[in-house]
Amino acid sequence: MAGGKSLSIIKNVMYKKLVLLALPLLYAMLSPAQDKPLINSSVSGTVVDARTKEPLPGASIRIEGVTNQTVTDDKGHFQLITGQKLPYHVIVRFIGYDTLRVELTASPAKIELTQTLNQLEGVVVVGYGTQKKSDVTGSIASVPPAVKEQPVNSIERLLQGSVSGVVVTQTNGQPGGGVSVQIRGNNSISAGSDPLYVIDGFPINNNYSVTNAGVTNGPNINPLSTLNTADIESIDVLKDASATAIYGSRGANGVVLITTRKGSKNKSSINYDGYYGVQKVIKTIPLLNAREWWALRKDAATNSGKTVTLPTVTGYTLDTTGEGTDWQSEAFTTAPMQSHSLSIFSGGEKTRLAIAGNYLKQEGILIKTGFERFSARLNVEHDYNKKLKLTSSIIGTHTKANVAPSNIVSGLLYTPPSLPVYQDNGSYVINSPFETVYANPINTLNNQTNETSTNRFLGNVTGEYTIAEGLKAKVLLGADVIDNKQNRYLPKSTYEGSSYNGYAAVGSLFTSNWLEENTITYDKQFNDKHRISTVAGFTAQQSQSKGVTAASYGYTSDALSYNNLGSGTSAATPGSSALKWSLASYLARVNYAFDDRFLVTFSFRADGSSKFSAGNKWGYFPSGAIGWNIYKERFFENVKGINVLKLRLSAGSTGNQDIDAYQSLAKITYYPYNFSGTAVSGYAPSTVSNKNLTWEKTFQVNGGLDVGLLNGRISIVADYYYKKTTNLLLTGTVPGSSGLADLTNNQTSTTYQNIGAISNKGFELNVNSNNLTGAFRWNTILNFSRNTNKILQLTEGVNEYIPSSSAPSIAKIGHPVGSFIVYKTDGIIQEGMTPLTPQADASPGGQQYKDINGDGKITSVDRVIIDNQLDFTAGLTNSFSYKGFDLNVFFQASVGGKLYNTNEAQLELGTGYTNGSKVMLRRWTPTNTNTDVKEAYQDPAITMSDRFIEDATYYRLKNVSLSYSFPGSFLTAAKLKGLRLYISAQNLVTWTNYTGFDPEVSSNGQTLINKGVDNNSYPNNKSYQAGITLTL
Amino acid sequence: MKFYYILIAISLLSSSCKKFLEEDPESFVSEEQYYKTESDAETAINAVYYHLNTGTVQSPYNTLFNTGMNMADDDEDPGPGATNSDVRSLAVLSHSTSNQRIYELWQQHYAGIRKANVVLAKVPDITFSDETKKARILGEAKFLRALFYFNLVRLFGDVPLVTTYESEVLASSYYTTRTSSDSVYAKIEEDLTAAAASLPVSYSSPDVGRATAGAAKALLSKVYLYEASLPLNITSKYQSAVTEAEEVLSSQDGGTGSYGYDLFTDYSHVFLPAYKNGIEHVFSAQMLANSNSQDNNETQRAIYSSIPGLTGNYAHMVRYYTNGNDNYYSIYKIFRADDKRRDVTFVRSFTSPTNSKKYALPLSNTAVPNDSTPFYNKWWDPNYASAGESSTNVTILRYSEVLLIHAEAENELNGPTAKAYKSINRVRARAGLPDLVTGLSKDQFRDSVYLERRLELVYEYQRWFDLIREKDAGGSGILLTSLQKVGKNNVAAKHYLYPIPQTEIDNNPLLTQNPGW
């Protein structure tokens, strides 16, 4: 095996952890002795913000031409002791402010710094540290501050439209429900494709399985919704290999670094932020009323050679002449939401604290659904002494969601309008009496218990020890504990519960994650020209889950709900599960800057994952990047108008291991049976072992250009990238004849394999312009991203892969992931035409299809592939401010995507068993032949066609917010530090041709291969809020 | 230097890296750890039976044959509780190659075959204290594999014949072509012959319900009968069918069988849990209430919904069609009024266990006195109302069918001989019917056996197979005429074979589709 030798060397190194301990000594030896300047002059002064006049602690003051420099203290004071004589020039630098070159003539001096307009200055959080933006060689983007103020319930939604290269889809509208995030396209087909989230240095578990104990029916709850967005200081997104390779193993899908708010020295404040709002469904689907539906039902029967009679029902009357029930308006409601956050920041000489609590309650736009969160957070930073700094960050949350059962939306759409909600005696109608039985969805919503609650504790402590100047060792220990509890009760009075005489289930899933991280950093500036910044370390992480479920049924009374399983007369099979995975890693990075002009980054990470087979556990992820600050070159001094120009190039490799544990093993599964009237155990292998299972790898190159124009008023960041993912972790679907496909275990494939390849290439542009900078300020941020995804290779000898014949999705070489395979419709069969259809309804009025291969009949080979790929996504934020008023207007665009509208396909079946959409009023009849809608007909086979593939392009006014901050004079009089009032609206206007509820949807959640399907999803909402921010 | 001590302590905390990354599945065992002991072998064979009744999802003998096959025949229809559009389209024969139930039928049989293959691959290497037990387990695996292939070859025609256990990773290593039906039948015969030689005549508790030598023999006679029938039409196989049947028949029925089979005196006992695995039961899918979801799901699907105290969703309904001036004609009315089987097979009302009221559907045809809608009721469990689950076994082979196989094959071979009459009359007598009139022609006798089969075995997953197998006097198939008679007018010649599931063709490029699909 190639590379086997180096592999074993690295492993040998690994066992010798003591090497790590030697590293600090090595560094210490390398660091040169301090320069001792001659002391014959002293200058003191203060550095303040030019606008607020607040002191700036931590600004650096360096005398031009020499290495001597100092830093301001907590009150912004500095003192320089130097051999130079006044006057002389000093260079004053502070992050987030324009660097100032000023002549000092007298002592004490007062220096004012202006906050930078230049978006290319400042710092960003990078993996295992922070970096000045001007030093960055990779592709890193930050969420603009204005975006962070949106009242949303989970972090990922702040990324939507605000950062180029990131596509965020709210997969459904369930409060607290799913969000899918893709950074620079889909790298994978069946392994996870969402980015890695790192909160205050802790890579957290974002797998939706951790909040699903297996009992609640309906959309899963987003594990990130357990975190309060108000606690966030900054969100930085690492996109290219140079930035993400330090997270090697899990960097392939990008990394989102979240930093929570911390206290600062000698500053204290109490903040309250609260808002109240309402949400409404964006739109409803126009459906037939009772009269129209009844006519359709009669038509369908007649066309199928049958007659139709009204079913006999007792206790209520079926409406065949009037409007009937509008199930959607019965279920959708104007739902309130509110949030209250209280945070206290307190900073002393040695200890800084941030304490915050939040309560959020969001009711759903479907009655009786909702989400509630209680969270508490504590951030402590403590300087134990000059050398040892301790920090701790603890977040505890409790969330509870009432989930809409998965069949609710279909119930609202398909239940015939003839059915009333209530019987004559006031009790609920249980179910529709027609061929396709639907439970009364209003009864289900009101009476089913379907809840999931999660307690999450995320805590870490860090000790940072300064061994010598520039040399620091850091130890981080953390735990992420997620405890999910789910409850379900189907009362006897619901259709779902009636056949069980009441059904109760409870489930619990406990997941604990621990992380240990040891890093050493060394930063050093050698004379004026060379700066290096290095980090090296070892980390280990382990996750363990234990789950249990139990259910029973047959209850004499509904009163006990799910709280007394023992009182059910029959018990369902209980379940328990255990899952564990571990990850061990070595990492190193070197940043080198020469004269601030040339920047070089090299990083390397070795990761061992328990999920892969023996001998294949380790993956190695190197990356390298160079940056050139062209504007700092001599020859650039005379260039007018361009004040920043930087070129970045990077290449590197990252990995993906986001599959379930134990996939490389052949699992022996329980298959019970019974003999002699007694249960017996059966066992058989349900999977095959893959002794070669290893890392999915993504190689990425990135070229970027940063441009600052007009004194930083306009900054432009542009990136081009190419990514190639190989060794794709893919479960190739096996033929059923192998016996490996096992529907009883929802299994259709052998096991994970490293097969296939995918490429993604794209272009990203971010423009930040300070159009007006006077009293009336106007800032515009535009971002634009385009990604092209293509499957390059699948398993040997296979060029396409169709996961299921009941879904329209296909993975095929040369096409993007998420494409469709469907029949092409070709109008309606008319009198005298030769019918071309795979349907039984081949008479006039039936659907005609295109005979692609021209053999005179429609068979599966006549299906065509329709690519599904976004042309581009874009976001446009305009912020205006005048005096205390701030107005933010945020537009978002998603262009070129397609959706298979399964809801509409069902609504146009025309069987009369279920309701239809208003489109069915245009259906073919002998007197209405000039139409594109087929006739009513009973019992068609479902045929997936291009008719239901719709353009999902949308342009959306995503957020508008207007706020007023009270002026200083008022605040002083009222003894306040700050008071701000705001109103805001989300998803206010959407421009789209999509006919479903909302084009932003993905019914299959985070699954990529069939992501473009809108089937029975909880619809998105639009919302309005008003709030107040108060600082004491 | 305190910091160094902390660092050392932490480094020592995490044990050796190699161990740290080893996978230690706590909630399952892996294949490498398994197939070592006699008890492993026993649980391995139990897992093959599992595919007769998989519990949570529809499996061939627990609902799937009903929703994926019976619905299409002339005795059954989807009721209001059958909501699945695949099922409903199958019932009017407008189904497509993408029909999910058809894929499930394909896939579940092969899942069972794989589990039989793993037994046949692994168990021979396990050391047993009792070699006859090892032979028995291997015999059970062969019997079940033969049964699964027998169903597949009848539904789909030529099918991939997989008889080895493969554990390759690549999906493409499972690509396989279709094997001709006669080769599949040859393998079935071979397996059943071997099984008959190694299986015991009977079991005692706790093993009652496993495959027996008599079951292997009886199934073999049925296999021969099908090979002799359409579409293969290998008439020489009638002789083998007769021979095998006579080796199963007990001496009072003119056979040489030593298996002790007989008919229950009371037809209703065939379907009651109290008599499960009795003298008439040659082989059944075992159902058990309140145990790993292994109850008979058919029971509730046949019961009318909304009856207090009874769980019923009325998904399976008796097929009605117009016959003369009766718009509500059905199989129910084909039974003679004095046929004891009729009121075992059907009920016309359900009694609520909570209020003791009778619940029935209104009269169907006012022209027929006392006409009311019948519900089929073969899988009723008297304990159902209290348990909410049914322990009624689903019969796969029973002695009365062996008698009918014998009668039919003997007639085809030698005409309506006394032997043929004797066998059919045994079945008729138990039903309370007089002997078949003597002096019938071969064609007339054949029709009588066909009718007897339909009445005796209705809703026992036989009718569809008979519709594609049986022939009229001219030797042509009866599927089209039979279904058209009951108004299922979408029926076409292509329906003699099921389509190869689209998913299967999409995932195995070596497969070809059946004609007409």
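Start by selecting Arg469(B) and Glu470(B) in this predicted model: both residues are buried (under 20% relative accessible area with a 1.4 Å probe, protein chains only; exposed would be over 50%, and partly exposed lies in between). Arg469(B) makes a salt bridge with Glu470(B), the closest N and O atoms being 3.6 Å apart. A salt bridge here is a side-chain nitrogen of Lys or Arg within 4 Å of a carboxyl oxygen of Asp or Glu.

Now add Asp466(B) to your selection. The side chains of Asp466(B) and Arg469(B) also meet in a salt bridge, at 3.1 Å from N to O. Asp466(B) is buried, and so is Arg469(B). Why are they about one helical turn apart? Because they lie 3 residues apart in helix α17 (residues 463-469) of chain B. Helices are DSSP runs of H or I with at least four residues, strands are E runs of at least two, and both are numbered from the N terminus.

A word on reading the model: residues are numbered from 1 along each chain as its sequence is written, while chains are lettered from A and ligands numbered from 1 in the order in which they are written. As this is a predicted model, local features need pLDDT of at least 70 and side-chain atom pairs count only at pLDDT 80 or more, whereas totals for chains, interfaces and linings use all residues; side-chain values use heavy atoms, with hydrogens and water left out.

**Next stop: helix α16**

Select α16 (442-457) of chain B. α16(B) has 16 residues and reaches 22 Å from its first C-alpha to its last, close to the 22 Å expected at 1.5 Å a residue; the expected span is 1.5 Å times one less than the number of residues. Its buried residues include Phe445(B), Tyr450(B), Glu452(B), Arg453(B) and Leu457(B). Show the neighbours too: the buried residues of α16(B) pack against α9 (213-228), β11, α14, α15 and α17 of chain B. Contact means heavy atoms within 4.5 Å. Just after α16(B), look for Tyr459(B), which takes a positive phi of about 65°.

**Across to helix α15**

Helix α15 (residues 418-430) of chain B has 13 residues and spans 18 Å from first to last C-alpha, close to the 18 Å expected. Among its buried residues are Tyr421(B), Ile424(B), Val427(B), Arg428(B) and Arg430(B). The cover over the buried residues of α15(B) includes β11 (394-398), α14 (399-414) and α16 (442-457) of chain B. Just past α15(B), Gly432(B) has a positive phi of about 85°.

Which residue forms a salt bridge with Arg430(B)? Select Glu280(B): its closest atom pair with Arg430(B), N to O, is 2.7 Å apart. This pair links distant parts of the chain, with Arg430(B) in helix α15 and Glu280(B) in the loop between α10 (237-248) and β3 of chain B, 150 residues apart. Arg430(B) and Glu280(B) are both buried. Widen the selection and you will find them in a network of salt bridges that also includes Asp339(B), Arg341(B), Lys378(B), Arg398(B) and Arg428(B). Over all chains, the structure holds 76 salt bridges.

**Two buried threonines**

Go to Thr63(B), in the loop between α3 and α4 (64-68) of chain B. Thr63(B) counts as buried because its relative accessible area is 0%. Not counting residues up to four places away in sequence, Thr63(B) touches Gln58(B), Asn297(B), Glu298(B), Arg301(B), His316(B) and Tyr461(B).

Then jump to Thr725(A), in strand β36 (residues 714-726) of chain A. Thr725(A) is buried too, at 0% relative accessibility. A polar contact of 2.9 Å joins the side chains of Thr725(A) and Thr698(A). Polar contacts are pairs of N or O atoms within 3.5 Å; within protein, one must be able to donate a hydrogen and the other to accept it, and residues adjacent in sequence count only if both atoms are side-chain atoms.

**Last stop: where the chains meet**

Colour the two chains separately. 99 residues of chain B are in contact with 102 residues of chain A. The area buried between them is about 8600 Å², of which carbon and sulfur atoms give 59%; buried area is the accessible area (1.4 Å probe) that two parts lose on being put together, summed over both. The rule finds 2 salt bridges across this interface. Select Lys691(A) and Glu32(B) to see a salt bridge with its closest N and O atoms 3.9 Å apart. There are also 20 residue pairs in polar contact across the interface, both at pLDDT 80 or more. Finish on α6(B), which gives the largest share of the side of chain B that touches chain A, 11 residues.
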